[in-house]
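The following exercises concern a single protein chain. Each task is followed by a solution that proceeds step by step.

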Amino acid sequence: MRAVVFAGARTVRVDSVPEPEIQAPTDVLVRTSLCGICGTDLHLIAGDFPGMEAGVVLGHELVGEVVETGAAVRHVRVGDRVFASDFTACGHCRWCDRGDHWECAERAFFGSGQTFGPALAGAQAELVRVPFADTVLLAVPDGTSDEVAILLADNLPTGWAAVERSALRPGETVVIVGGGAIGQLASLCVQAAGAGVVVVVEPDAARRSFATAHGALAATPDEAADLVGSITGGDGADVVVEAVGRDGTLSLAFELVRRRGRIVAVGAHASQRWSLPLTDSFVRELSLSFAIGDAMRTRRELLRLLQAGTLDPGDLVTRRVTFAAAPAAYADVADQRALKLVIDPRA
C-alpha cells in the first residue's frame, strides 16, 4: 500500500509499505479517507525529537472506514465511518478512568517512531491499524465533514486543552501566541468558552487575517505588547496560550501576561532546558502549565459545540492534496504557504 514515510532530515516521500494486520483482539483496521499534516509532524521530521528512523509511516490524524475488527472489539463495526485520537490508550487503567489518557502505560502515538512511546505506524497511509479501537475511535456523526472530523483527532482537542488548563473565566482577555492551526483553533475555543477580547500574535500576515476574520484581534510579535497593554489598561492578559512550541514564543508569553495571570503552553516543546524568569514569576505570582490535547476525553463535548454551531472551524483546512503531492504539501505547511493541509489517499 502507499504511505508517506520519513526519509531523513526534513524530508518525506511516498513509498510502498506492507499492509497492516490485526495483531491483538482489540485492534481494528481503518481504510483512510482523510489524513492530516500537523505541526508536530514538522517537528518530528526536523529532528526536534529523538526516536525517529527512516521509513516511519507518518501522521496521527485519521478519518476513515472500518474494514476489519479484532475478536474483542465491541463498539466499532465494519463499515463505520470513524475518526481516531492521535494516540492510543487502554481505556481501563486508573489514568484512563481519570480521563488522563496521555498518561496510560499503553500509550502509543501514531506516526512518531519511538518518540512518545512504542512505535505505531501512522495515519498517512491507505490502511491503518488502530489498537484499543473501542477507546481510540469514535463514529463521525452524520452531517460532519471529513475536514471537520480530522480536526477532532488532535488540533481541536489541543485548542480546547488550553481552555481546560487555564480555568478560563467569562470575559477574560486571552492572548494566543502563534497563528498556526493550533493557535487558530485555540482562539476559536476560548471564544466559544466565553473569553472577552482575544488577540492572536503571529508574524504572518495571512494568518493574522484569518484570525481577525474569525473573531480575534491580531498583532505581530513586535506590536503585541502595545496592543495588549491598550486593551487591558497596561495590566496584561489574564491568560496567554503559547501555541508554537519554541523557547522564544514561551518567553514572549511571560511579557504579555498580567500579574497573577496564567500561561498555558500547548505547543510541542522539544527543548530540554529553558530559562524560566524565576524571580519575576514569583514576584508577579504567575502560573505556567503545559497541556496535551486528549480527544478521548474531550471529543464528545467538542462534537456538541460543533453541532450547535458554537464552534465552527470548517474553513481551517486550506485544501486536500493527493498522496503524490504530499512532499510538496509538507513544504507548503513548513513555509507557511498553507494553514492546514490534508491528504486524500483516494485521489
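A residue counts as buried when its relative accessible area is under 20%, as exposed when that area is over 50%, and as partly exposed in between. The model is predicted, and the exercises apply these cut-offs to several of its residues.

**Exercise 1.** Determine whether Thr 40 is buried or exposed, and identify its contacts beyond four places in sequence.

Solution. Step one locates the residue: Thr 40 belongs to helix H1, which covers residues 39–45. Step two applies the cut-off: the relative accessibility of Thr 40 is 14%, so the residue counts as buried. Step three lists the contacts: with residues up to four places away in sequence set aside, Thr 40 touches His 60 and Ala 268.

**Exercise 2.** Describe the surroundings of Asp 238, including the polar contact made by its side chain.

Solution. Begin with the position: Asp 238 sits in strand E11, residues 237–242. Its relative accessible area is 15%, and therefore Asp 238 is buried. Next, consider the polar atoms. The side chain of Asp 238 makes a polar contact of 2.6 Å with the side chain of Arg 258. A polar atom of the Asp 238 side chain also lies 2.7 Å from the backbone nitrogen of Thr 173. Finally, collect the contacts outside four places in sequence: Asp 238 touches Glu 172, Thr 173, Val 257, Arg 258, Gly 261 and Arg 262.

**Exercise 3.** Establish how far apart Ala 167 and Arg 262 are in sequence and in space.

Solution. Ala 167 lies in the loop between helix H5 (155–166) and strand E8 (174–177). With a relative accessible area of 47%, Ala 167 is partly exposed. Ala 167 and Arg 262 are separated by 95 residues in sequence, while their C-alpha atoms are 9.0 Å apart. When neighbours within four places are left aside, Ala 167 is in contact with Glu 172 and Arg 262. Both of these residues also appear among the contacts of Asp 238.

**Exercise 4.** State the phi values of Arg 10 and Glu 285, and place each residue in the chain.

Solution. Arg 10 is not a glycine, yet its phi is positive, at about 60°. This residue occupies the loop between strand E1 (2–6) and strand E2 (12–16). Arg 10 is exposed, as its relative accessible area is 61%. Glu 285, likewise a residue other than glycine, has a positive phi near 55°. Its loop runs between helix H10 (278–283) and strand E13 (287–290). At 46% relative accessibility, Glu 285 counts as partly exposed.

**Exercise 5.** Characterise the second largest pocket by its volume and by the classes of its lining residues.

Solution. The volume of the second largest pocket is about 200 Å³. Its lining comprises 15 residues, of which Pro 18, Glu 19, Pro 20, Ala 121 and Arg 129 are the closest to the centre. Sorted by class, the lining has 10 nonpolar, 2 polar and 3 charged residues.

**Exercise 6.** Assess how compact the chain is.

Solution. The chain has 12 helices and 15 strands. Its radius of gyration is 20 Å, close to the 20 Å given by the globule rule for 347 residues, so the chain is as compact as a globular protein of that length. The C-alpha trace spans about 60 × 40 × 40 Å along its principal axes. Of the 347 residues, 56% count as buried. Among contacts with a separation of 6 or more, 69% join residues 24 or more positions apart.

Terms used. Residues are numbered from 1 along each chain as its sequence is written. This is a predicted model: local features need pLDDT of at least 70, side-chain atom pairs count only at pLDDT 80 or more; totals for chains, interfaces and linings use all residues. Side-chain values use heavy atoms; hydrogens and water are left out. On a 1 Å grid over the protein atoms alone, a cavity is a set of points where a 1.4 Å probe fits but cannot get out, and a pocket is an open set with protein on both sides within 12 Å along at least five of seven lines; lining residues have an atom within 4 Å of a point. Grid points are joined across faces, edges and corners, and a volume is the space filled by probe spheres set on the points. Ala, Val, Leu, Ile, Met, Phe, Trp, Tyr, Cys and Pro count as nonpolar, Asp, Glu, Lys and Arg as charged, and the others, Gly among them, as polar. Helices (H or I, at least four residues) and strands (E, at least two) are DSSP runs, numbered from the N terminus. Buried means under 20% relative accessible area, exposed over 50%, partly exposed in between (1.4 Å probe, protein chains only). Contact means heavy atoms within 4.5 Å. A polar contact is a pair of N or O atoms within 3.5 Å; within protein, one must be able to donate a hydrogen and the other to accept it, and residues adjacent in sequence count only if both atoms are side-chain atoms. The radius of gyration is taken over C-alpha atoms; the globule rule is 2.2 Å times the number of residues to the power 0.38.
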